[in-house]
Amino acid sequence: MITKVTTQQKAPLYDALIGFKEKRIVPFDVPGHKRGRGNPELLHFLGQKTLSVDVNSMKPLDNLCHPVSVIKEAEDIAAQAFKAKAAFFMVGGTTSAVQAMVFATTKRGEEIILPRNVHRSVINALVLNGAIPVYVNPDVDERLGIALGMSLKQVEEAIQEHPHAKAIFVNNPTYYGVCSDLKGIVELAHEAGMKVLADEAHGAHFYFGEHMPISAMEAGADYAAVSMHKSGGSLTQSSFLLMGDSVNADYVRQIVNLTQTTSASYLLMASLDLSRRHLALDGEAIFSQVVSFTQYVREELTKIGGYYVFGEDLINGDSIYTMDPTKLSIHTLDIGLAGIEVYDLLRDEYDIQIEFGDLGNILAYVSVGDRERDIERLVGALVDIKRRFSKEKRNLLRQEYIEPIVAYSPQEAFYRTKRSVLLEEAIGKASTEFVMCYPPGIPIVAPGEMITEPIVQYIQYAKEKGCQLTGTEDLDVLKINIMEDEHGMLV
Ligand SMILES: Cc1ncc(COP(=O)(O)O)c(C=O)c1O
């Protein structure tokens, strides 16, 4: 019987790599470890199978910077799987895909409309290219203290006030799973001649699961940055850049090549090829299992009380247009513990590592690799934490989002002369750097923004509670760089 091989059953880059390995070609090229022989400890650590395919570009394996054969074919198949006009393998994480989207659509001095609760990679891209952010402050859920999506009205107003902006940037979804009305935003943007860039770092499964929020490509967005390494199951640092009908992908490749390595890892690329195949063939079943896991945890925790597992109940048809059903986002303040405290307890007392905890909530990532017994263990640990550690709910801060006061563009602030001062002395001054808890990596303050008393209090409280603060030159985050004018005066 002849069985038909559908396009999505193919994995051309992976196949080429296996074919190459079987040929046992003698390496007089880089990498210098020569299939691991030059580094026995590394070989022992990662194994022969891994190091024998840690190779460099060559004719039979194509070249990511100028793909014409197996990489091109694998990218075309990925584009088909994601219903995009074009897809690129990205080996610099979703950060590199975010940069590519921003650089392809904006230049120095041009405006880009975006919510302020974006990942630092977005504002970093603006530091690099000098585009000007126009922030749409997201709605905030008072109980949870989290920033939501953008409402259509807010986007419409931003477009009216900034009709020459080049692009609108949208989180699809936010870290907690909140989705804006992406289709509505695309319509507004396209009417105004603006491109839509979607950050789908947490949305790879939207393309493969059933009953998921709309994906960026389906909504008609022009670009999407997709972390296959998050919910998609590929190796850390591997992502996709997707492009829609309006985009000249060959031009975008030139943009990507401005910053992309010329030694792309075949381990990362093969993992993209294989995980795309896996999800294209089995994604519906995989993500329906994921949703049933999260649903189970929600029901169990709701029964015991104390925790609030938030999700579709929050939908308001606007700034929470839909919610990602795979996200396990849990509000913890009602048991008297900050999210970060529950996050630490899970690791230190129960050997469970979750994605993150902030002041009021935790997020456990449930994905392609989860098993029933691990889900049971998580539920058991949370029940036990409530029993052993819950406290009276006192003096707990919930606010996760402080509306920024933007005084300078990120690029102008970042490159200005600066002075390092203690955080408390920085109140009323403009920052030249970021401060954020990582994860989630959403800036509390970004270059060009004023440092205020609530910001300093927030940072100090987050530190006290055990959040991992990052972003400043000072690794202890006691000091922050603030702007000076040409006369050395603080501004
Ligand atoms: C919303 C969002 N965008 C972009 C990124 C950057 O992704 P990467 O770490 O793959 O560079 C992240 C990382 O966590 C993220 O959460």
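Tutor: Let us begin with a definition: a polar contact is a pair of N or O atoms within 3.5 Å. Please keep in mind that the model before us is predicted.

Student: How far from an oxygen atom of the ligand does a polar side-chain atom of His-202 lie?

Tutor: The distance from the polar side-chain atom of His-202 to a ligand oxygen is 2.7 Å, which is within the 3.5 Å limit. Two further side chains can be read in this way. Thr-95 places a polar side-chain atom 2.6 Å from an oxygen of the ligand, and for Lys-230 the corresponding distance is 2.9 Å.

Student: How much of the ligand's accessible area does the protein cover?

Tutor: On its own, the ligand has 390 Å² of accessible area, and the protein covers 87% of this. As for its location, the ligand sits in the largest pocket.

Student: Which residues surround the ligand, and which helix gives the largest share of the shell?

Tutor: The shell is read by proximity: a residue belongs to it if one of its heavy atoms lies within 4 Å of the ligand. The surrounding residues are Gly-93, Thr-94, Thr-95, His-119, Ser-121, Tyr-175, Asp-199, Ala-201, His-202, His-229, Lys-230 and Tyr-438. Helix H5, residues 93-105, supplies the largest share, with 3 residues. Sorted by class, the shell holds 7 polar, 3 nonpolar and 2 charged residues.

Student: How many aromatic pairs does a search of the whole structure find?

Tutor: The search finds 9 aromatic pairs. In one of them, Tyr-175 meets Phe-356 with 4.7 Å between the ring centres and 70° between the planes. Planes over 60 degrees apart count as edge-to-face, and the pair of Tyr-175 and Phe-356 is of that kind.

Student: Why does this pair tie together parts that are 181 residues apart in sequence?

Tutor: The reason is where the two residues lie: Tyr-175 is in the loop between strands S6 (167-171) and S7 (178-179), whereas Phe-356 is in strand S14 (residues 356-357), so the pair links parts 181 residues apart in sequence.

Student: Where are cis peptide bonds found around Pro-439?

Tutor: A cis bond is recognised here from omega. The bond joining Tyr-438 and Pro-439 is cis, with omega about -20°, and the bond from Pro-439 to Pro-440 is also cis, with omega near 15°. Pro-439 lies in the loop between strand S17 (435-437) and strand S18 (443-445), and Pro-440 is placed in the loop between S17 and S18 as well. Tyr-438 itself is among the residues surrounding the ligand.

Technical notes
Residues are numbered from 1 along each chain as its sequence is written. This is a predicted model: local features need pLDDT of at least 70, side-chain atom pairs count only at pLDDT 80 or more; totals for chains, interfaces and linings use all residues. Side-chain values use heavy atoms; hydrogens and water are left out. A polar contact is a pair of N or O atoms within 3.5 Å; within protein, one must be able to donate a hydrogen and the other to accept it, and residues adjacent in sequence count only if both atoms are side-chain atoms. Accessible areas come from the Shrake-Rupley method with a 1.4 Å probe; for residues, only the protein chains shown count as cover. On a 1 Å grid over the protein atoms alone, a cavity is a set of points where a 1.4 Å probe fits but cannot get out, and a pocket is an open set with protein on both sides within 12 Å along at least five of seven lines; lining residues have an atom within 4 Å of a point. A molecule sits in a cavity or pocket if more than half of its atoms lie within 2 Å of its grid points. Helices (H or I, at least four residues) and strands (E, at least two) are DSSP runs, numbered from the N terminus. Ala, Val, Leu, Ile, Met, Phe, Trp, Tyr, Cys and Pro count as nonpolar, Asp, Glu, Lys and Arg as charged, and the others, Gly among them, as polar. Rings of Phe, Tyr and Trp (its six-membered ring) pair if their centres lie within 6.5 Å; planes under 30 degrees apart count as stacked, over 60 as edge-to-face and the rest as tilted.
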